[in-house]
Amino acid sequence: MTKKIKRIAVLTSGGDSPGMNAAIRAVVRAAVYYHIVPFGVYEGYKGLINGQFQELNARSVANIINQGGTFLKSARSSEFCTKLGRQKAYEQCIHNKIDALIVIGGDGTFTGAQFFSKEFDLPVIGIPGTIDNDIYGTDCTIGYDTALNTVIEAVDKIRDTATSHNRLFFIEVMGRNAGFIALRAGIGAGAENILIPDSDRDIHHLLASLKRSDRAGKTSSIILVAEGKESGRSFQLAKQVNQKLSAYEIKVTILGHIQRGGRPSCQDRVLASQLGVSAIEALLNGKSNIFVGIKNNQLVCVPLSEVITHSNPINAELLHVADIVST
Ligand code: F6P
C-alpha cells in the first residue's frame with residue numbers, strides 16, 4: 001500500500017527560468033489545499049544535501065507569480081551526482097519527515113531525480129522548468145515562452161540598427177544542444193537565417209543563402225544562431241563568412257543570460273500553475289518517479305527514465321516554414 005503523503009518538499013535546480021516562482025506557488029498552494037504540509041528546499045540538490053528546509057504556507061508564496069528567477073534559489077550540485085551525495089539527501093528527507101519530493105528543473109535535474117528515485121523509496125515528481133524546452137515528453141517547459149519573447153524583443157531592436165547601417169548580424173541565443181529558442185524566435189523575429197545544431201545545415205548553405213539575399217536586394221540580415229555545445233560559436237561563423245563575403249559589415253551579439261530573467265509571460269504563469277497543481281495531484285494518485293508535462297494541450301505524466309533515453313525532436317514543419325518566409 002502506498003504511504004499517506006503528509007509532508008512534501010519542493011526545490012528548483014539547474015538553470016533558473018521565468019515561471020519557476022509561479023510553479024513553487026502552485027505546488028505550495030495545492031499542497032495546502034489537499035492538507036499536505038509543504039517545505040521549500042533552498043539552493044536545489046545542494047540544499048537538499050545540507051538540510052536547508054523551510055516550512056512554507058499559502059502566504060509565503062504571495063506576490064511571486066509575477067517574478068522571474070526562483071525565490072528558493074537554484075544551483076548545480078556535483079555532490080548530488082555521487083551516490084554518497086544522494087544518500088545524504090535521502091537522510092535529510094527522512095530526518096525532516098518528508099514523504100515526497102517535487103523537483104523543478106531541466107534535464108540535469110531530472111537525471112538526478114531519476115537516480116535518486118531508483119535508489120531510495122521516496123516518491124519524486126518532476127516539473128519541467130528550463131528556457132531551453134529540450135525535455136522529451138512535453139510540448140513546453142516553464143520559461144520557454146518568456147525567453148522567446150525576450151529574444152524577439154532584442155532582435156527587433158538589433159534589426160533597427162542593422163537596417164540603418166546595412167549590416168549583417170549574428171545573434172546567438174541559448175539552448176545548448178537544442179535549437180528550440182533559435183527556431184521559434186527566428187521565425188517570430190523574421191530572421192533571414194537560423195542555425196541550429198539539430199539540422200544538418202553548414203557554412204556552405206549559409207553562404208549560398210547570403211548570396212541569394214544579396215542578389216534579391218537585401219542590404220541587411222539577421223542570422224539567429226543556437227549556441228550549441230559552447231557559447232561563442234557565432235564569432236567563428238562570422239569570421240568564416242567574412243573571409244568569403246567581405247563586402248558585408250558583420251557584427252556579433254550574444255544575448256546570454258538576459259534570456260533567463262524577467263517577468264514570466266502569461267503563458268508561462270498559467271503553465272506553471274497547471275503543472276504545480278498536477279504534480280501534487282499525481283502524488284495523491286499514487287504516481288511516483290514521473291514528471292508532469294503538457295502534450296497537445298493535455299496534462300500528461302511521463303516516466304523520468306524517458307528523459308534520459310529520449311530527446312525532444314525539433315519541429316521539421318517549423319524549419320520548412322522558416323525557409324519559405326525568410327526569402
Ligand atoms: O538554462 C539552460 C541554459 O540557459 C543553457 O541554454 C545554457 O547553456 C546554460 O543554461 C548556461 O547556464 P549557466 O551559465 O547557469 O551554467
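What follows is a short chat about the ligand site in this predicted model.

Colleague: What makes Gly 175 a polar contact of the ligand?

Modeller: The term needs a pair of N or O atoms within 3.5 Å. A polar backbone atom of Gly 175 is 3.0 Å from a ligand oxygen, so that pair qualifies. For His 257 the polar atom belongs to the side chain and lies 2.8 Å from an oxygen of the ligand; for Arg 260, also with a side-chain atom, the distance is 2.9 Å. Taken alone, the ligand exposes 400 Å², and the protein buries 75% of that (Shrake-Rupley method, 1.4 Å probe).

Colleague: Why is the ligand said to lie between domain 1 and domain 2?

Modeller: Because domain 1 (7-143 + 264-309) and domain 2 (145-260) both give residues to its shell. The bounds come from an automatic or database domain assignment. The domain centres, taken over C-alpha atoms, are 34 Å apart.

Colleague: How many residues of each domain are in contact?

Modeller: 14 from domain 1 and 12 from domain 2, where contact means heavy atoms within 4.5 Å.

Colleague: Which classes make up the shell around the ligand?

Modeller: Five charged, three polar and two nonpolar residues. Asp, Glu, Lys and Arg count as charged, so Arg 76 and Asp 132, among those around the ligand, go there.

Colleague: How do you count residues and pick what to trust?

Modeller: Numbering starts from 1 along each chain as its sequence is written. Local features need pLDDT of at least 70, side-chain atom pairs count only at pLDDT 80 or more, totals for chains, interfaces and linings use all residues, and side-chain values use heavy atoms, without hydrogens and water.

Conventions: Near = heavy atom within 4 Å. Polar contact = N/O pair within 3.5 Å; in protein donor to acceptor, adjacent residues only side chain to side chain.
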